[in-house]
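Biologist: I am new to this structure and would like to learn how to read it, feature by feature. Could you take me through it slowly?

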Amino acid sequence: MTSTDVGLRELKKQETRQLISDQATLLFIEKGFEETTIAEIAAAARVAKKTVTNYFARKEDLALDQHEEFTNGLANAVRDRKPGESALAALRRTFLDAVAEHSPVIGFTGPVFAKMVLESPTLTARLRELHELREAALAELLASETGAAPDDVTPIMAAAELNAIDRVLFREVLRRSHAGESNAEIAKALTKATRRAFELLEPAFGDYAIRE
């Protein structure tokens, strides 16, 4: 098999995955997440049910299809921090950039999608789980970056506090979207809230995990 064949196969997989995700989103919006079945998604995408589950192990992942980027987001931001920059500073900069870009990863998904998430107990529970995974990934990275001892709770506490900012602000974006505010209005409010939130943690973690 040539590299061209491999490339075409991967492209086909990506296209199939995107098609399934797109059709699932349309059905979720039309019928509601809880009411939509995998069989209906498969029929809409014209694939077998097994194909859907091969690409998406959980139904929730069809709606929250950027979950891997989300889960690793905080850890990646700290891993890529600049020389002289602390973990807190890196996360503040990254979050403010995401607000300015109206990034869907921090909740800018529009009122229809926000309504679907907020009204689904399953998706709300999955979001809580993703935030927990996000926090765990950050704690692991901080422990590694700072050379913390196994019994040092500092990376765990730092990750919990820093992730709390993200969790609260993510929920705020969804709430404001559901209320009908525009992305520009939400971004203006979130910029202020973000700066205040990180300001509150500055005394505790402003000099923590500074890259040399």
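Modeller: Let us begin with the annotation, for which one caution applies: UniProt feature names are shortened, and annotations may be inferred rather than shown by experiment. With that in mind, the unreviewed UniProt entry places the feature "domain: HTH tetR-type" at residues 14-74. Please also remember that what you see is a predicted model.

Biologist: What is the helix and strand content over residues 14-74?

Modeller: Over that stretch the chain is 75% helix and 0% strand, and the C-alpha atoms at its two ends lie 25 Å apart. The protein chain as a whole has 10 helices and 0 strands, and its C-alpha atoms fill a box of roughly 55 × 50 × 30 Å along the principal axes.

Biologist: Which domains does the domain assignment give for the protein chain?

Modeller: The assignment gives domain 1, covering 3-59, and domain 2, covering 65-206, and the C-alpha centres of these two domains are 28 Å apart.

Biologist: How should I read the interface between them, and how much area do domain 1 and domain 2 bury?

Modeller: The general idea is that the size of an interface is often given as the accessible area lost when the parts come together. Here domain 1 and domain 2 bury about 770 Å² between them, with 60% of it on carbon and sulfur atoms. On the side of domain 1, F33, E34 and R58 lose the most area to domain 2, together accounting for 54% of what that side buries. In terms of contacts, 8 residues of domain 1 touch 9 residues of domain 2.

Biologist: How many residue pairs are in polar contact across the interface of domain 1 and domain 2, and how many salt bridges are counted between the domains?

Modeller: The rule finds 4 residue pairs in polar contact across this interface, counting pairs in which both residues have pLDDT 80 or more. The residues of domain 1 on the side that touches domain 2 divide into 4 nonpolar, 1 polar and 3 charged. As for salt bridges, side chains of opposite charge can pair when their charged atoms come close. Between domain 1 and domain 2 the count is 1 salt bridge, whereas the overall count comes to 16 salt bridges.

Biologist: Which residue forms a salt bridge with R58, and where in the chain do the two partners lie?

Modeller: The partner of R58 is E129, and the N and O atoms that come closest are 3.2 Å apart. R58 sits in the loop between α3 (49-55) and α4 (59-63), while E129 belongs to helix α8 (residues 121-146), so the pair ties together parts that are 71 residues apart in sequence.

Methods. Residues numbered from 1 in each chain as written. Predicted model: local features only at pLDDT ≥ 70, side-chain atom pairs only at ≥ 80, totals over all residues. Heavy atoms only, no water. Helix = DSSP H or I, 4+ residues; strand = E, 2+ residues; numbered from the N terminus. Domains from an automatic or database assignment. Contact = heavy atoms within 4.5 Å. Buried area = accessible area lost by both parts, 1.4 Å probe. Salt bridge = Lys/Arg side-chain N within 4 Å of Asp/Glu carboxyl O. Polar contact = N/O pair within 3.5 Å; in protein donor to acceptor, adjacent residues only side chain to side chain. Nonpolar A, V, L, I, M, F, W, Y, C, P; charged D, E, K, R; others polar.
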